[in-house]
Amino acid sequence: MATRNVPSRYATIQAAVDAAIAGDVVNIAAGTYAEKVLISGKTNLTIQGAGDSTLIEYTDTGTAAITVKDSNSLTIKDLKIHTAGTENQGIWVYGVGQGGSAIIGLTVRNLTIIADGGSGTAASGIIGDAAANAVHSGWLITGNRISSAAAGSCGIVLQDVTASEISANTITIPTGTGATNVAWTSERFNLSGLVFSDNRVSGSGGSMVSFLTDWNDTGTTMIPADGIPTTIDGLTIHGNTFSNWGSRAIRVGDGLAGGATGTVSGIVIDANRFQMTADTVEVIGGTDAPAGVFLTGSVGNVYNVKAPATLAKATAAALIAQGTINTGLYEVDPISRIEGHLGVKVSTDDSGTITEADAHGNLWRGFENFLVGRQANDAITFTQRICGVCPVPHGTTSMYAVESVLGVSSGYMTFAKTGSATDGVPPAAVLVRNMVLASEFLMSSITHFYHLAAQSYIQGPAIPPWTPYFPDTQYHPALVNDKGPGSTARAIPACSDDAAAVPVDLWSAIIKQYVKALRIRRLALEAGALFAGRMPMTSTFVAGGTTNRFKDKADFDAKCDAFKALIDEVGRFVISEYIPLVLTLSYLYPDWDNMANGGEGYGAGVGNFLSWGAFPAADEAGALFLKGGYKMNGADITDLLVNRADLGTAKPIVEANLKEVITRSRYAKTHGYESTDSQYPGAVTLTEPSRDDADKYSWLKAPRWYGKPMEVGPQARMVVNGKYFVGGESLVTAGHVGISGAYGDHYLNDAQTGLDTRVLHSDLVAGLAGTLGDGAVAAVGGHILGLKGGLSTMDRLRARAIESFWMVNLLVGAYTKGASNSDQATFSGGLIAELKGLWGGSAPEFYRDVATPVGTVSGFGLTEAPRGALGHFVTASAGKIISYQCVVPTTWNGSPKDGTGVVSEDNSSDTKRGPIEQAMIGVPFDDTVTILGSGTKRAALSGVEVLRVAQSFDPCIACAVH
Amino acid sequence: MAVTRREFVTTLGVMAAAMGLSQTDLARVTEAFGHASPAAAPTAWSGDWTNKPKVVWIHGAECTGCSTSVLSLFEDASGVAVPAHPALGDISTVQALAIVGGLGVQTTPDAVALIDDPIDTVGREHPSGHRTLNVNHLNVDGSAYAVNIADVLIDFIDLQYHETVMAMGGDGAYAYLANEMARVDSAPFVLVVEGAVQAFSGGGYWGKAGTSGSAPWCSIAKDGTDGAEQDLGFDDVVETLAAKASCVAVVAVGQCAAFGGYPACIGPDLVAKESHTKSQTGAKGVYDFLIATGNYEVAAKVINVPGCPVNPWWFTLTVVAWLVDAATATAGDTTTATGALGILNGALKVKGGVDNQRRLTAVYGNLLHGKYCPRYPKYAARIFANKPGDDGCLKNIGCKGISTMSTCGRHGWNAQQPENTSADMNATVQNLAYKSTDGTTKIGGCCMTAGAPCMGCTEKGYPDAFTPFAVL
């Protein structure tokens, strides 16, 4: 066995091939080779390039870049071929017309073939002509990207090739040219064991892929007519995606009317995806297809087509009935009232129920790349700009990550350097970091409910931005109707087109609570800014602690007192207004709660929860206020990081089981992803975009934990910490810390028959009684008493509100009811009291010196953002960043699929949906709005069902993509 | 829909109750919104309260930090909106709003009193702007004499599109944008851009990949009709909307929209394997993007309001100044008129009052490094911090105040006022009109107060030209 290197040893590829003997490898270095290669009479030979950088470019006519003749056990891999001449093929296996004999064993792997043809004339990527002497066999054509821009071109043409496989290729040719992407035919021999799987196919004039008998067996120059019918027995078409075809996706059957009549049998067509929305999808056969060749057991295909009546001709009906037929295909983009650019493409069945969803993030900025080469410390400032809604957790995580490569901590999380602890930052810095982070949690959660999510349930005031108002009669007819009170031109409200019946004062009423919440969220930011310099982007975070300095104790005390006063007000709002309102909401929207729809609510999701944990105590033990852990659907909670002592066990678990998958994400297989689609983020060096691959539909990567999509966020944290339940448990059972126990008894009076008027805001009590009558308070109280924990849109909203209570508890301590109303409620203790107590005789330290280590160090930081688990992974050399990767909450929740296969409804298939995508399944979707006089069915103008589900995750796409 | 009409009506009643609204509140709020339905379609903004300036706010390559910041707006209504006007001296926020509202220049010493008058002095049907500032009427934040974001949203502007705030979503939002882009007869509007613009195929390391079928760097809406999947690329939306005759101003809010900011950071070239030379995606500020695409006349509409994030007051101040100027500029001859503040000509093109980075000098006219910096007295005394937490001027640990134009020292952040370390100067700062009157303690205020060096976030070239931020 020898390796024959081109061009270092052999000037041309042909020279190396000619010299090769059995077992040799012809190794072609990167470069462009303008030659035509003939492989003739060889056995057991491998020809390999260095990927796309090895280019064979040949522009002759009527021939091929690589010609194979009379050779067995041949492998051609890892190179690129470009042909431009008329009928100039990429790879041509000679057959009967050229005097070629049968080829046993041919592997074509990971090639890029662009067969352009000259003057728009046909050229095929790979063509295997039927041999005269025997049948070809044992071919494997896999992982290739084959395309042609020339009219009439074909992707792959195989004649008389048996027991072979075409898999995982992307084959794209023009439409409307009479060409076919794949033609696999029996001509003079019977074929069996044909596998066509996991390909992505697009283009064609007539049939896109066809498996036919005796197609050319009519006396062409290539194949002399023999008049003997041949058969295909055993054909598997599995896991492919077909889109944008000419007349039909698949044609199976007799090759040519009037010729010999062969049959096809043993067909399995399953788990394919048909993306076409044109009128004709002829899945199997033509009008002259022989009867009885169809396997009734074919299942699991997904048909994304406009109308079921046009699905197929004739005999395909039985087959189609066994797949999922999506009759609606809609884009809901933008998903508004979230951070950033998210859209969701949904497919619906005949009943208008969502059967599939593709969530796609629509912005890429490239943060991970432009951090490379910078000072590690700058990452703390840079990464806060990933997201302006939640910059603090990025700053916090970045500090943890950077400190782990600057020798301040051992990674994952930075604890207090106190007692016998040898690493960490001063306790005061730990407190300040926690306080600023928790302040942002409060701002974020309150903003989420009142200003973002609530408008998908309640109509705001009758002016923009709450209600679209378009006085211009020229405006889009779809957005104008006459339903608004006092207006002749008002858009359809976000929540329902029944809105016209609702008095305007009720619509408008909501604004008061809305604007009050605007104030509360502002106060939370102002509290954080007392120690962060400013919010939303903090400026005091630095590796080694924080930059804080106070003029004197009076200055320090004044800031502490101001912080407490601000958070006290936020806390009273959370407890007496925010939480009760959220708990009431499902009283009004039962379908979206977990006890509707057969024990689930709309938007249930994956049911797997992950939390990295956050808020370490500022002492030696460093117990986390919210611990890290995870819970797979139906399984028990597994702890990950409960306190500082767990670091040694938690870190290797993260390194071994956290992966980011890019199969459907717009990134290239480079810089750590060369040999895999699934990689630990610490092993990824750069993030290279790939904009042109139709497989890839989102800028988000797909993080997986033990291979599974995980929901992260408030509900995940509360579940992992035993403060919320998802198994149908009552939320108000003694011993549960969910609503009773720790604070639930605040809401209910001693008899637990209604809401406690010492806790509820007096306006709330009066309002309930005024509108619903005297029994309303008890009725709502009864509803709250009956709440259960589960999987639904409402559970997510509830868990977020309940977590806000814990954030208040963390910051300003335990809550004491007022004597008669909520305004008298008080708090005592918490982090602010602990911080204030640190200034004894002298000012506490907030910063410790950091020495820049020599050599290359890798580390990571993990914490929780309002939206969920957040991780930064960094490698630095002498304090300068070599690589930086972020795995962000909405990257988890909004992730695209992790494969190209068809996904089962329950997401248990090999390819899995992301949590937001899975949460869309089964949700009803109104698609009855007809606009623009075209009669075209489209999504309801708002797509509000999709908005509700997506918004319950509080997505942040700037975070998720970065 | 899962909810029937009956359920929905019931729902709303309960929700209103649950939100704690009394009948009096309802009536008040209802009245507040009554003015929002003018009988006739507005054809031009007339500086009239009842016909608020239409604003279309779009997000590109951004992080929503500027929206988050602006949503935290809270300012003293008696604060100075336009300082040192040649004829009028300092113009308070309320005076400025009165000008914008068509009440003309009020020289009454206490402009607030005028606005506070519950009687509509000019016979308007809906004196909503008055009400907002009137302690006896609806002040949604419960804070009299303060301008907050709710006031702005309800009374000052007609915010038709803002993806983080608006109720519209999905197809409705797509249709709104697509039609704003297509129509030729739109009412005049202000285009606010948050985020940098990444040209689909121009510039950037992967620019050449921007062929048909490629994913845009930033798509802000998608048409899903029959699987058409037509993206609205952010660059197209900016270019199209800004170029409309009805687009009277383009306000680039924040560092990214103004100058490219973080998306324009120099990154590694993964295609040509060259050294670090340029933005990966060709991201630019709005002005540079319009110039690069040959829209020179359109670019003349751009005013920059940089900052990372923008201070809500800088944004408000810029917009109010623009509106004051526009109201006076358009009152005269359209070709020769000049706004009262000298910013605009009669065609509403920017003609003056801005610096070479197109920032209003009224807002960005002061170097941060100077007497207003809370740590300036330490600098004067030659006391320098050498690590975080030290007393002294922050110059040695990376402060960029020496090359940063910003009011951070005398008008703080998060409703807090920086305390100057000089007692005399502190008195001056505290007496400056730029302060809040929330009643909360004003003791925080800016990066330097908290010991963090200025990072230069209002300047063109940030962040690349200002790193490393902290020199430790």
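1. Start with one residue pair in chain B: Val250(B) stands opposite Val302(B), and Val302(B) belongs to strand β15(B). Keep in mind as you look around that this is a predicted model.

2. Now for the strands around that pair. Strand β11 of chain B covers residues 247–253, and 4 bridges join β11 to β15(B). The two strands run parallel. If pairing is new to you, strands of a sheet pair through backbone hydrogen bonds, either parallel or antiparallel.

3. Zoom out and you'll find an open sheet of 5 strands in chain B, with parallel pairing. Which order do the strands take? Reading across, they go β6-β1-β7-β11-β15. At the edges sit β6 (158–162) and β15 (302–305) of chain B, each pairing on one side only. From one strand to the next, the twist averages 20°.

4. There's a helix to look at here too. Helix α9 of chain B, made of residues 234–242, lies across three strands of that chain: β1 (54–59), β7 (189–194) and β11. Relative to β7(B), helix α9 runs at about 155°.

5. Next, hop over to chain A for a pair of helices. There, α14 (residues 793–812) packs with α18 (residues 944–952) at an angle of about 40°. Their axes are 9 Å apart, and the crossing is left-handed.

6. Which residues meet where α14(A) and α18(A) touch? From α14(A) come Thr793(A), Arg796(A), Leu797(A) and Arg800(A), while α18(A) brings Arg948(A), Val949(A) and Ser952(A). That contact is a mix: 2 of its residues are nonpolar, 2 are polar and 3 are charged.

Definitions and conventions
Residues are numbered from 1 along each chain as its sequence is written. Chains are lettered from A and ligands numbered from 1 in the order in which they are written. This is a predicted model: local features need pLDDT of at least 70, side-chain atom pairs count only at pLDDT 80 or more; totals for chains, interfaces and linings use all residues. Side-chain values use heavy atoms; hydrogens and water are left out. Axes are lines fitted to C-alpha atoms, for helices over the stretch in contact, and angles run from 0 to 180 degrees between N-to-C directions. Helices (H or I, at least four residues) and strands (E, at least two) are DSSP runs, numbered from the N terminus. A crossing is left-handed if the near helix is turned anticlockwise from the far one by less than a right angle, and right-handed if clockwise. Contact means heavy atoms within 4.5 Å. Ala, Val, Leu, Ile, Met, Phe, Trp, Tyr, Cys and Pro count as nonpolar, Asp, Glu, Lys and Arg as charged, and the others, Gly among them, as polar. Two strands pair if DSSP finds at least two bridges between them.
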